[in-house]
Amino acid sequence: MISSYLDDLQLALEVQEPQTRWMIIHVFGLCAKLNQELATAVIDKAKEYIKENAGTCLTSATTIYLGDIGALSSREAKKVFPILENLLKTASLNEID
């Protein structure tokens, strides 16, 4: 029901508050199989979120998003696995669950 609206939701990825951003990046992951083009278009935004270290909710939702993208195909997995590997190397202890 929401995958056709990802283009409209992209603006919410730019808001300052982490609560909105973690929910929107999570939605992009949930919609990845239904709208692969737009869902994969925000991988760079996910990289920014990881570097930001804005809390476990945003980091965890970003990690799940990257997993959803990686599950689409081996091509996408090759894009996101290095990001996830780096995340595991640099995550603070309270971000590893």
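**Exercise 1. Place Asp68 in the fold: find its helix, its burial class and its neighbours.**

Step 1. Asp68 sits in helix H5. The model is a predicted one.

Step 2. Its relative accessibility is 24%. Buried means under 20% and exposed means over 50%. Asp68 therefore counts as partly exposed.

Step 3. Leave out residues up to four places away in sequence. Asp68 then touches Gly29, Leu30 and Ala32. Gly29 is one of the buried residues of H2.

Step 4. Compare chain and space. Asp68 and Met1 lie 67 residues apart in sequence, and their C-alpha atoms are 18 Å apart.

**Exercise 2. Check the length of H2 against its residue count, then list what its buried residues pack against.**

Step 1. H2 covers residues 18-30, which is 13 residues.

Step 2. At 1.5 Å a residue, H2 should span 18 Å. The expected span takes one less than the number of residues.

Step 3. The end C-alpha atoms of H2 are 18 Å apart, so the model agrees with the expected span.

Step 4. The buried residues of H2 are Arg21, Ile24, Ile25, Val27, Phe28 and Gly29. They pack against H1 (6-9), H3 (36-40), H4 (43-52) and H5 (56-70).

**Exercise 3. Do the same for H5: check its reach and name its buried residues and their cover.**

Step 1. H5 has 15 residues. It reaches 21 Å from first C-alpha to last, close to the 21 Å expected.

Step 2. Its buried residues are Leu58, Thr59, Ser60, Ala61, Thr62, Tyr65, Leu66, Ile69 and Gly70.

Step 3. Their cover includes H2, H3, H4 and H6.

**Exercise 4. Describe how H5 packs on H6 (residues 74-90).**

Step 1. The two helices pack at about 155°, with axes 8 Å apart. Angles over 145 degrees count as roughly antiparallel, so H5 is roughly antiparallel to H6.

Step 2. The crossing of H5 past H6 is left-handed.

Step 3. H5 brings Thr59, Thr63, Leu66, Gly67, Ile69 and Gly70 to the contact. H6 brings Glu76, Ala77, Val80, Ile83, Leu84 and Leu87.

Step 4. Sorted by class, this contact has 7 nonpolar, 4 polar and 1 charged residues.

**Exercise 5. Now take H4 and H6: are they parallel or antiparallel, and which residues meet?**

Step 1. The axes come within 11 Å and cross at roughly 5°. Angles under 35 degrees count as roughly parallel, so H4 is roughly parallel to H6.

Step 2. Ile43, Lys47 and Ile50 of H4 meet Glu76, Lys79, Val80, Ile83 and Leu87 of H6.

Step 3. The class count is 5 nonpolar, no polar and 3 charged residues.

Step 4. Look at Ile50 in H4. Its relative accessible area is 16%, so Ile50 is buried.

Step 5. Beyond four places in sequence, Ile50 touches Thr62, Leu66, Ile83 and Leu87. Leu66, Ile83 and Leu87 also take part in the contact of H5 with H6.

Step 6. Ile50 and Arg75 are 25 residues apart along the chain, with C-alpha atoms separated by 21 Å.

**Exercise 6. Is Ala39 buried or exposed, and which residues does Ala39 touch?**

Step 1. Ala39 belongs to helix H3. At 0% relative accessibility, Ala39 counts as buried.

Step 2. Leaving out residues up to four places away, Ala39 touches Leu6, Phe28, Ala32, Tyr65 and Ile69. Among them, Tyr65 and Ile69 are buried residues of H5, and Phe28 is a buried residue of H2.

Step 3. Ala39 and Val80 are 41 residues apart in sequence and 13 Å apart in space, C-alpha to C-alpha.

Technical notes: Residues numbered from 1 in each chain as written. Predicted model: local features only at pLDDT ≥ 70, side-chain atom pairs only at ≥ 80, totals over all residues. Heavy atoms only, no water. Helix = DSSP H or I, 4+ residues; strand = E, 2+ residues; numbered from the N terminus. Buried < 20%, exposed > 50% of the residue type's maximum accessible area, 1.4 Å probe, protein only. Contact = heavy atoms within 4.5 Å. Axes fitted to C-alpha atoms, helices over the stretch in contact; angles between N-to-C directions. Parallel < 35°, antiparallel > 145°, perpendicular 65-115°, else oblique. Left-handed = near helix turned anticlockwise from the far one by under 90°. Nonpolar A, V, L, I, M, F, W, Y, C, P; charged D, E, K, R; others polar.
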